[in-house]
Amino acid sequence: MSANLKSLGDYGTLDPTGVTDVKALFDAATADTTVDRVYIPEGIHYNSGSIDNLRKGFWGPGKIRLGNGTVLPADFAFMATAPAQYPQAYTTPWPPNATPWFGGDNKFTRPQCVIIGQNVRRGLDERYFEGSTIPRNGWMETGAGWSGASAHLSAAASAGATSVQLNSAVGFSVGDVIGFSTLGGVGGGTASNIVDRVTLTGVSGNTISFTPALTTAYAVGATVTHGTRTQHVFDHIMVETTGGGDSYGSTVRMRHKYQPLPGQTHVFEGATASQYGGSIIYYGDGQFGTGFETQFKCQGGDFDVGNIGMVQSFLRNNDTGARSATWLGTLFKSEGTKPGDACHVVSGRWRVGLDTVKADFSGDGQAAIQLKTAQRIYLNASENSTSGRGSDATGNYPVLYGNVAGDSYITHSVDGTGPMVEMYCGPTYRMRLRANGTLNFNGNINAGGALQATTDISVGATGILGWAGSSTMIFKSGSTLRYSEDGGATSVPLAGGGATTLARGSIFGLILSNNSSAPNTHLNIAAGQARDSSDVYDLRLTTGLTKRLDQTFAAGTGNGGRDTSAAIVANTSYHVFLIRKTSDGALDVLFSTSALSPTLPTGYAAFRRLGAVMTDASGFIKKFVQHNDYFELATRTADFAGVGNGSGPYLRQISVPRGVPVKARIFMQSNGGTQAVSFSGVYDPALGVPQLTTLKRAQIRRGIYKNASNSDETYAVWDGDVWTDSNAQVYTHSDNASDTLALGVYGWTDERGQYL
């Protein structure tokens with residue numbers, strides 16, 4: 001070695017096996033003031049002292065093992081005292097004057113200065129990347145290591161098992177040594193979490209066999225792995241600071257001095273200065289990457305420290321807009337054919353999400369947040385960890401962002417009347433502020449304070465003008481303005497009210513029908529209007545409803561409608577009522593077996609019967625079609641067949657609504673007997689009990705005739721309309737003692753309260 005550069009072996013005999021203590025050699029080298037650095041040959045050299053004894057610069061291929069077991073690389077330096085500085089202060093940028101930067105004592109450091117000339121790499125054949133002009137140029141290819149998870153159990157495994165079922169056995173081969181962890185996800189792929197280590201003896205489909213047997217039971221989703229999770233780093237820097245100054249793992253200070261040519265009219269056409277740059281290129285499905293990943297934590301205790309994840313300072317003193325110059329704090333670009341999932345995600349505990357209190361936006365309209373038309377701010381988004389984008393059905397990994405959109409939001413939109421700001425609460429109710437100053441609601445306004453206006457207040461045709469904390473109100477019913485002091489339960493017309501919009505008993509629309517998706521249990525009620533049964537309110541249903549017979553009443557379309565929690569009654573009638581809520585006039589629909597006195601939900605008083613539906617033996621709504629007042633069944637009923645009719649009269653109940661009289665459209669067949677001429681009939685109970693003398697106006701006159709086989713035929717049929725009583729009953733009778741009867745219903749006409 002040269003006079004000012006020596007090897008550790010120059011101070012005595014070495015032991016590269018690390019057994020013999022050569023502390024004396026290190027002490028001698030450290031004390032030697034004639035050399036700046038000491039060369040450490042190949043091998044491990046044991047120094048029983050501490051790191052404080054190595055106050056010198058070392059280099060070479062060997063290693064230094066200290067008394068506490070720490071192993072140091074030979075390229076090691078301990079700067080115990082400040083090195084000599086160059087006397088001139090650093091005031092002039094370099095180059096050409098780089099002397100102050102490198103002029104001091106550099107024996108503990110390895111400074112480097114590279115200048116790439118102005119005429120280098122200027123030409124039409126130059127490539128964007130060129131390794132020969134990168135001062136610190138490296139390349140690393142790694143195929144080593146493992147992710148910590150190879151597959152997961154698709155079926156539970158018990159202790160003692162020698163084979164298991166995986167969600168996929170791709171990548172598993174006989175002879176592989178694998179580990180089992182009771183944890184799911186890559187968290188199970190750490191050495192401390194590996195419970196069983198086995199060797200594969202067979203792979204068949206997604207089933208693997210192994211030895212030895214498992215010592216622990218594992219649930220579905222448990223991790224099976226070829227190796228623990230490892231890290232591969234091209235450039236690793238570890239900085240430990242106990243000093244009082246600012247310490248950085250890496251700093252880059254750039255001086256951007258390029259002067260654009262006059263023909264370069266946009267900043268993108270000049271030169272770009274970037275402290276850090278690069279790319280991540282994916283080559284297959286299932287890969288994952290992060291641009292930057294940093295963890296900040298207190299080690300060994302809950303220390304009160306300050307931390308800022310990223311600091312970017314902008315000192316802009318010119319804003320002419322020349323060359324389209326733009327300063328942006330951050331720019332996230334998603335330029336593929338599919339969108340990114342979330343541009344900015346905040347997770348964990350924070351006191352404030354987005355804080356602009358210290359910002360000054362006065363230079364351009366105070367635009368703290370900008371959205372274009374139709375973009376929304378959602379107020380009730382959420383996450384689903386087992387379904388939806390970004391979720392994991394196994395539950396091993398957390399959702400990284402709110403993958404379930406809410407239904408309440410604020411937006412700006414434009415319709416036929418112009419622009420507006422909208423606020424939605426749920427899918428139905430909204431508030432709109434239009435450019436012409438109009439504020440629209442499609443719900444109710446419930447004000448705890450005074451509602452003040454400098455111009456007229458307009459109330460809708462069915463609206464209510466009330467007083468807070470009071471049941472006093474003024475409302476319009478038809479064209480009559482009415483006054484109430486009990487929330488609308490009773491009211492009196494105000495002077496000049498005029499006639500009501502709808503006459504007593506009026507009903508228009510409100511047609512009933514089986515729901516197409518669930519005809520057995522759901523009933524559709526079309527829009528329409530009717531006068532209520534007390535002749536006080538006009539009930540206007542502007543939008544049709546769907547109600548369920550198989551559930552008890554709950555307000556709103558798609559919900560239950562039965563007025564009792566008792567089970568559905570089979571083979572009976574359910575009357576359908578349009579009901580009115582007293583507090584706000586809201587309308588809904590109720591089902592009841594009572595035609596006149598339904599059990600109204602709390603808060604409802606006024607009602608109007610719209611008709612009735614029939615249930616079958618299973619309690620399902622029979623299929624029907626309503627034509628105004630006529631309800632036609634899809635299938636004719638067979639209420640009676642082969643029953644005696646000659647010893648009557650008989651009062652028979654048929655399959656039409658009960659509770660009110662209806663006009664039933666009846667099928668009747670008369671059969672049997674040897675009487676040459678006989679009469680059979682169906683009669684309205686309101687006319688009294690039919691006598692034999694009334695049979696002369698019976699619907700059927702039956703005689704005996706010969707059929708094609710010369711046999712006697714003694715039956716006849718009749719279709720027609722007959723009124724029932726309020727218990728769905730009609731009379732039948734025949735003057736032929738041997739007469740038998742078949743009786744059914746095609747449908748019925750229901751006046752629906754129009755003439756009460």
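Two strands count as paired if DSSP finds at least two bridges between them. In this predicted model, strand S31 (residues 573-581) and strand S33 clear that bar, with eight bridges joining them in an antiparallel run. One of the matched pairs is easy to pick out: His575 has Ala612 in S33 as its bridge partner. As for S33 itself (residues 604-614), ten of its eleven residues are buried, so the strand is largely enclosed by the rest of the structure.

S33 also turns up at the cavity. The structure holds one cavity of 30 Å³ or more, and the largest cavity has a volume of about 30 Å³. Its lining is made up of Ala612, Val613, Met614, Lys622, Phe624, Phe631, Leu633 and Trp748. Ala612, then, is both the bridge partner of His575 and part of this lining. S33 gives the largest share of the lining, three residues, while S33 and strand S35 (630-633) each supply at least two. By character, the lining splits into seven nonpolar residues, no polar ones and one charged.

Elsewhere, three strands make up an open sheet, lined up in the order S24-S27-S28 with antiparallel pairing. Strand S24 (507-509) and strand S28 (538-541) sit at the edges, each pairing on one side only. On average, neighbouring strands of this sheet are turned by 10° against each other, direction ignored. Strand S27 (residues 528-531) is joined to S28 by four bridges, again in antiparallel fashion. Here Arg531 has Asp538 in S28 as its bridge partner.

Terms used:
Residues are numbered from 1 along each chain as its sequence is written. This is a predicted model: local features need pLDDT of at least 70, side-chain atom pairs count only at pLDDT 80 or more; totals for chains, interfaces and linings use all residues. Side-chain values use heavy atoms; hydrogens and water are left out. Axes are lines fitted to C-alpha atoms, for helices over the stretch in contact, and angles run from 0 to 180 degrees between N-to-C directions. Buried means under 20% relative accessible area, exposed over 50%, partly exposed in between (1.4 Å probe, protein chains only). On a 1 Å grid over the protein atoms alone, a cavity is a set of points where a 1.4 Å probe fits but cannot get out, and a pocket is an open set with protein on both sides within 12 Å along at least five of seven lines; lining residues have an atom within 4 Å of a point. Grid points are joined across faces, edges and corners, and a volume is the space filled by probe spheres set on the points. Ala, Val, Leu, Ile, Met, Phe, Trp, Tyr, Cys and Pro count as nonpolar, Asp, Glu, Lys and Arg as charged, and the others, Gly among them, as polar.
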